[in-house]
Amino acid sequence: MGSIFRKEIKTFLGSLTGYLVILVFLLVAGLFLWVIPGMYNIPDNGYATLEGLFTLAPWLYLFLIPAITMRFFADEKRTGTIETLLAKPVSDLQIVAAKYFAGLVLVVISLLPALLWFLSVYLLGNPVGSIDTGATWGAFIGLFFLASIYIAIGIFASSLTDNQIISFILAMVLSFLFYMGFDFAASAGVPFLVEKLLGWFSINTHYLSVSRGVADMRDLLYFIGMTLFFLVLTATLMRSGKWKLRKTRVRFSVFTVLLLALFFVSTNFLFRFDLTSDKRFSVAEVSKKVVSEITQPVEIEFFLEGELEPGLQKLQQEVFEKIAVLNVYANTPIRLKITDPYNFRNTEKRDEFQQSLVDKGIKPISFNKKTNQGVSTKYIFPGALIRLNGKETAVNFLKNNPDFSYEVNFNHSVESVEYELVNAFSKLMREKRSTVGFLQGHGEFNRYEVLDFANSLSGEFKVVQTSVENLAEEANTPDILVIAGPTQPFSEKDKYQVDQFLMNGGKILWLVDPVNVSVDSLSRGYITYAFPRDLNLGDQLFKYGVRLNYELLQDVDCAKLMVNIAPQGSDPQWTLHPWYYSPLLTPADNHPLSRNLNRVFSEFVSSVDTVSSGKNLGKTIILTTSPYARRVKSPSSVSLENINNPPARELFNQSFIPVGVLVEGEFSSVFENRMIENLGVNTTDFKSKGKPSKIIVIADAGMVTNKVDYTRQPPRISEEMGYDRVSRQTFGNREFLLNAVYYLDNRNEIMQLRSRTIQLRLLDKVKLREEKALWQWINVGVPLVLVLIGGVGYNFLRRSRYKRLIKS
């Protein structure tokens, strides 16, 4: 075997053709990765990763490896040395194995200069070394296994003919068939079992996860098994007439059956090792639990398709990978269907289909793209429709926070893919809906003012209007109570009912304005006044660990007002001015409830403080101002003159003033040790200590409201919640409050998935901009020079050794 192995290595490295093959491979790969614009280009993509190489390599290997293996047996047959080879004192399988290992070494040699690309990305990272080395080396291992199958197929093709060109073409066709051919057949609308079978035999199916740094035992067994299959098949068919022997056919049949049995058993044997540094391709236990409880097939129709920029490609790949991983733990299939919203010949049908996606909740995002004709704008649909149990829900994967760069938004989107999928599955599987009750009776917002929020909740909750009397009736008690914008004081009796609702395990979302500001008065003149609003809730909230402060907050990071500065009688001249009383609040990034959310639009907001209220309560600030805010104690005046005479900048010196707080644990009743008999309530079931529960207190009621058009009957929403008519932007009010209700609904485990973090690995844009040409020359030219130097050096040493042998 050693002599055969050395002969193949020497023959390849001693021929000009061998070096030409390696040079062409490195040149094409280098140009695609560093020069030619496109999805593989590393500098243009801006990410510190070699994913472009591992995506491109399988296609380049379709040409490189057949060029290496085409002469292994075909040349032996053409020159007549095959008989001498078969006469050697080694078995046929040993001969095949020797040539296989020679091919494997040659492929590794051809890839060694490409390690320069890894070093370049490592040095270009921001910071240096930001490339995920674990994922990269894992991907190189995947490339090694891919080459292993290609070599085995190439050797098999070479054994069938004495013509190297035919061997090259046959190996290329067979490799392509196993790499993508089965995938194409599986997507042709065949029955699901056939689709799964064809997909399993596809090299691409198994290479995808390995190329991203995930070592799955089933994938490794597939690569090893398929390599052995082609090597054994080659050894079986290498001698003419050998297949006619019954003994040979039986042995090969037994081997094939055992191999198929191993493949079948491996599908039920789950062992995965995530080599990525942040374990980005592992799923949480709660995700495994949710998908294992799915009893019906799931269909995911995904609409992010077509020519995509690098960030969207990463998001698309993340969705594919997460669905594949979740499928591993699911007892029923999760089928992925990819639909291109632009793949319609009829423009009218295309527009109709895209509008139907919008109506179902898929949010389109516009992207600008440079073309030869300039810049074109195209809408993409980065979402999916998930269908289960005859129900359907929309999922939007792309986070589009205008405060963040597009790289950060893409990274946040990738981080939340698992949560979005698992949350959608859980939503569709949920048979019983919790009840959310909007409290009435104290001047709270009417049903039309919170209609947008109620409609958003209605898909997953039963939404009702309720009163304190209903809180005492078990049949009518909601699971979650929303107290939104009360303007009248709570009586002690009403407070008692709310208190006992909490003691019995109910959850409460408080949206309260501690300060009263007449917006109508401000709109009619330049000044109004802010007065403390006494709702008789101070002692109750204090007992629960929260204090509302009678003050207004001003913030440099605020919404703007349109002000007419033209003299009276002149044409209007509108200008933008900051409105410091309308802070753009920041959801806290350290809690799954509020992480990665857009800012929240507010006006005339107050602050909250947490107070000591026992060891059994945990408190978390979930909403704050920006780092540049100030407090204005009430009573105080609120004047539009602030626009012309703004407060001094140095006064905004308070950072992250709390506006919203989450309190969870075992609450104590505010009526503990108090005389309650005179309240006129049934005291037999009074609880002084509550069951574990949660409350969220936000010192701004207006964030939950939408504008209402009362001129129409019934009244309708004129502006959605969180909409700023000046900037024409919708802020994150809806998502923030929905997450608050989700968290109160005990979806803690699933919401913990929102805490997942993935390190953003970027290239140094400044270094690339200043030194791009240098790095392109290095990464395209140096690998070629290394191969030429190696080739010249090898052949020089070979000739020198030959001359010494001649002389001796």
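**Salt bridges in this predicted model**

1. A good place to start is Glu 551, which counts as buried at 0% relative accessibility. Please keep in mind while reading that this is a predicted model. Glu 551 pairs with Arg 631 in a salt bridge, with 2.6 Å between the closest N and O atoms. Strand E17 (residues 551-555) holds Glu 551 and strand E23 (residues 629-633) holds Arg 631, so this contact ties together parts 80 residues apart in sequence. The partner, Arg 631, is partly exposed, with a relative accessibility of 27%.

2. Next, have a look at Glu 299 and Arg 387, whose side chains form a salt bridge with an N to O distance of 2.6 Å. Here too, distant parts of the chain are linked: Glu 299 sits in strand E4 (residues 298-302) and Arg 387 in strand E8 (residues 383-388), 88 residues apart. Glu 299 is partly exposed at 31% relative accessible area, and Arg 387 is partly exposed at 22%.

3. For Asp 216 and Arg 218, the side chains meet in a salt bridge at 2.7 Å, N to O. Is Asp 216 buried or exposed? Asp 216 is buried, with a relative accessible area of 3%. Arg 218 counts as buried because its relative accessibility of 16% falls under the 20% cut-off.

4. Salt bridges with shared partners also build a network, and you may enjoy tracing it on screen: Lys 7, Glu 8, Arg 71, Asp 75, Glu 76, Arg 78 and Lys 99 are joined into one.

5. Finally, the overall tally: how many salt bridges are there? The count comes to 42.

Key:
Residues numbered from 1 in each chain as written. Predicted model: local features only at pLDDT ≥ 70, side-chain atom pairs only at ≥ 80, totals over all residues. Heavy atoms only, no water. Salt bridge = Lys/Arg side-chain N within 4 Å of Asp/Glu carboxyl O. Buried < 20%, exposed > 50% of the residue type's maximum accessible area, 1.4 Å probe, protein only. Helix = DSSP H or I, 4+ residues; strand = E, 2+ residues; numbered from the N terminus.
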